[in-house]
Amino acid sequence: MAKMTLEDLRKLRKDKQQAMDMRSPDNKDVQVIVGMGTSGIAAGAKETLNAFIEELKSQGLSNVTVRQVGGLGLDHAEPTVEVRMPEMPTVIYGKVTATVARTIVRRHIMNKELVNEHVYDRPAADIVEGTE
Amino acid sequence: MAYSHYLLVCGGTGCESSKADDIYCNLLNEVESAGLTGHVQVVKTGCFGFCEKGPIVKVLPDEAFYVEVKPEDAREIVQENVVKGRTVDRILYKEEESKQHARIDEISFYQKQFRIVLRNCGFIDPENIEEYIARDGYAALEKVLTEMSADDVIEELKKSGLRGRGGAGFPTWRKWSFSKDAEDDQKYVVCNADEGDPGAYMDRSVLEGDPHSVLEAMAIAGYTAGADRGFIYIRAEYPLAIRRLQKAIEQATELGLLGDNILGTDFSFSIEIRLGAGAFVCGEETALLASIEGERGMPRPRPPFPAAKGLWGKPTVINNVETWANIPVIITRGGDWFARIGTEKSTGTKVFALTGKVRNSGLVEVPMGTPLRDIVYSIGGGIANNKKFKAVQTGGPSGGVITADYIDTPIDYEHLQELGSIMGSGGMIIMDEDDCMVDVAKFYLEFTVEESCGKCAPCRVGGRKLYNILDKISKGQGKPEHIEQIQSIGTAMQRASLCGLGQTAPNPALSMIRYFREEIEAHITEQTCPAGVCKDLIQYFILPDKCIGCTLCARRCPVNVISGERKQPHEIDQSGCIKCGECFNACKFGAVVRR
């Protein structure tokens, strides 16, 4: 690489900053949890996971952690994804294809509105006292 | 392509020597064979600090903290944690007390730490300048070059209250302003990386984990003082730190962050590495400068101080590695921010190398003023093997001990000095009931006698005299007047020695007299060593009523002086015993005693 000017340095820092922020465990207030049990993976959870990561990157969101867990138990609705963030109820989405994943990033995480057509809540969670 | 997982492998010297490199390569291979290249980033970082449990692999964003990892564990980490999203519990860190798995942010070792100097250690790849830049790297240099005058920089340092981390704690802004105000056609900037205290590795870890922070700070000093050349003096026995520094200098030069016309401005600054042969005295600044000049590494009287007449007689800003690593943060976040951390007179944080008889050895960074108790118990996890805490040695061969009575002392420059010890560069050796203070003092004196350059008589002769006295005491030939002799020789050395080495060499012995007088007197008057360390003062016996004649001790004895029939009490022939303690450690029935 050639010698940098001040502008080059600032640009390089900006470009790389997001990648580093994604690595850092600090300042993460949004969690996207993808159910990656065998059935989830068979239903395409890998593509879903990648779609989340791609979309988060292209939207420049570094406060989101994407985690993998085993199956969430809603096998009929795989791939399933749980989203936890402040100011929004914790929601489980089902049948989350790569396209739906991108929609969730834009609507749920960025605009704070539910993606109604894919909400599959945790079984019976709404009738158990004290559960989210 | 964005990554979904980050595997951070500790690449400090400690973990590297327990095969961290193989772990790194295996992880790369496993990621590739799982078809995850591009999805998973494997990064070799600097030291995580938790050296006790090394080698360590961190998995983000899962925050799994794998300890004592072996190269063959790589497959399981990738297959289980990355592919299936399940932690590998077998190697997951467990808290000592609760036996529970802990996530990174829950580990008590890290709870009371506050990382400024080690901000990037264990997070970025030290061999990749872009990762440093992404973490606000070279932002301080940019700010200084575009917005700040030399006086502004000094004002900011003054506000920060930063004091030299190499030992004496001299205000950094004053050093810099002396050099700035000195008029000369050539000035220099020097980084003192000649870390030599036994058991200390703070500076090495910073250089291995975040070399650019030091380079950036030196360039800022160059701009402030008006110097265009810098030297890093580092001992040749730190090969990994040297390699990473070299790489960092090359990268920074290539990007125009070092060299001529930095970032298109008219400021130029270049840095060279100078290797030292590992003489302790070369950590003393004037001896260090002599060594860079190609002379024999010996100190000279001060004043003139290096800030006025340093390298080749020119004004020289010289600071220790840890001091340098603080500078970029002070510039970007402001001196006021920094001054709020720590105590009024000792601002900021301090890195300590916690070693000795503590459960969690490692590299810790805490705000100044943190009570010693927090460091030993909360972070260090207490004394290993449930022994009793006896003392902590700070400041290495120049420092002294702090006893259990003072365990709630806040650790800062003033309090340590009051207790007759010093901050030093940050070595902290924890001692338990099995450590003999005479032996410890003798060990340090042996070190300083060996490392004395011999230029001035107080250090050369005084050190040897002190050592000889301690040697006699440890052999049971001590006399009551020896205590007074140690004090008078020690005081003379403190006053008359030429440099810090000689002035502080008697500290371990003086500190021993101050806090453990009874223990020394036991050596002198009763010819016993209460801790059971001094070999000439102890004997091992077998209690006939407890010995069941299992023959284990006899088989373990390396000199075959234990005799006895099977199922009959054994006996030790004292004339041939070398007092290694093997029988004592071997006996399962408490039949071997030490007196």
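Select Val190(B) and look across to β6(B), where Phe231(B) is its bridge partner; a little along the same pair of strands, Tyr188(B) stands opposite Arg229(B) in β6(B). These residues belong to strand β5 (188-193) and strand β6 (229-235) of chain B, which run parallel and are joined by six bridges. Helices and strands are DSSP runs numbered from the N terminus, with H or I over at least four residues for a helix and E over at least two for a strand, and two strands pair if DSSP finds at least two bridges between them.

Before going further, note that this is a predicted model, in which local features need pLDDT of at least 70 and side-chain atom pairs count only at pLDDT 80 or more, while totals for chains, interfaces and linings use all residues. Residues are numbered from 1 along each chain as its sequence is written, and chains are lettered from A and ligands numbered from 1 in the order in which they are written.

**The sheet around β6(B)**

Now add β7(B) to the selection: seven bridges join β6(B) to β7(B), again in parallel, and Ile232(B) has Ile273(B) in β7(B) as its bridge partner. With β8(B) included, the four strands form an open sheet in the order β7-β6-β5-β8, with parallel pairing. Its edge strands are β7 (270-276) and β8 (316-320) of chain B, each of which pairs on one side only. Neighbouring strands here are turned by 20 degrees against each other on average, direction ignored; axes are lines fitted to C-alpha atoms, for helices over the stretch in contact, and angles run from 0 to 180 degrees between N-to-C directions.

Two helices to select next are α11 and α13 of chain B, both packed on this sheet. Helix α11 (239-254) touches β6 and β7 of chain B, and its direction makes about 165 degrees with that of β7(B). Helix α13 (321-333) touches β5 and β8 of chain B, and its direction makes about 100 degrees with that of β8(B). Contact, here and below, requires C-beta atoms, placed from the backbone, to lie within 7 Å.

Is β6(B) mostly covered or mostly uncovered? Six of the seven residues of β6(B) are buried, so by the definition used here each of those six has 20 or more other C-beta atoms within 10 Å of its own, whereas 12 or fewer would make a residue exposed and a count in between partly exposed, with C-beta atoms placed from the backbone.

**The nonpolar cores**

Select Ile220(B) next: leaving aside residues up to four places away in sequence, Ile220(B) touches Ala140(B), Leu141(B), Val144(B), Val153(B), Ile327(B) and Ile331(B). Ile220(B) is one of the residues that touch the most other members of the largest nonpolar core, which has 179 residues; Val9(B), Leu27(B) and Val392(B) are also among them. Such a core is a set of buried Ala, Val, Leu, Ile, Met, Phe, Trp, Tyr and Cys residues joined through C-beta atoms within 7 Å. Helix α10 (211-225) of chain B gives this core its largest share, nine residues. Apart from it lies another core, of 25 residues, including Ile41(A), Leu49(A), Val66(A) and Val105(A).

**A helix pair in chain B**

Move on to helix α18 (457-474) and helix α21 (507-525) of chain B, which pack at an angle of about 35 degrees with their axes 11 Å apart. Leu466(B), Leu470(B), Ile473(B) and Ser474(B) in α18(B) meet Ala509(B), Ile520(B), His523(B) and Ile524(B) in α21(B). By class, this contact has six nonpolar, two polar and no charged residues, where Ala, Val, Leu, Ile, Met, Phe, Trp, Tyr, Cys and Pro count as nonpolar, Asp, Glu, Lys and Arg as charged, and the others, Gly among them, as polar.

**Both chains, and where they touch**

Zoom out to chain B, which has 23 helices and 17 strands and whose C-alpha trace spans about 85 × 65 × 40 Å along its principal axes. Buried residues make up 55% of its 595 residues.

Chain A has four helices and four strands, running α-β-α-α-β-β-β-α from the N terminus, and buried residues make up 33% of its 132 residues.

Finally, select the contact between the chains, which takes 26 residues from chain A and 26 residues from chain B. On the side of chain A, the elements that give two or more residues are α1 (6-23), α3 (45-58) and β2 (64-69), and α1(A) gives the most, with ten residues. That side divides into 14 nonpolar, five polar and seven charged residues.
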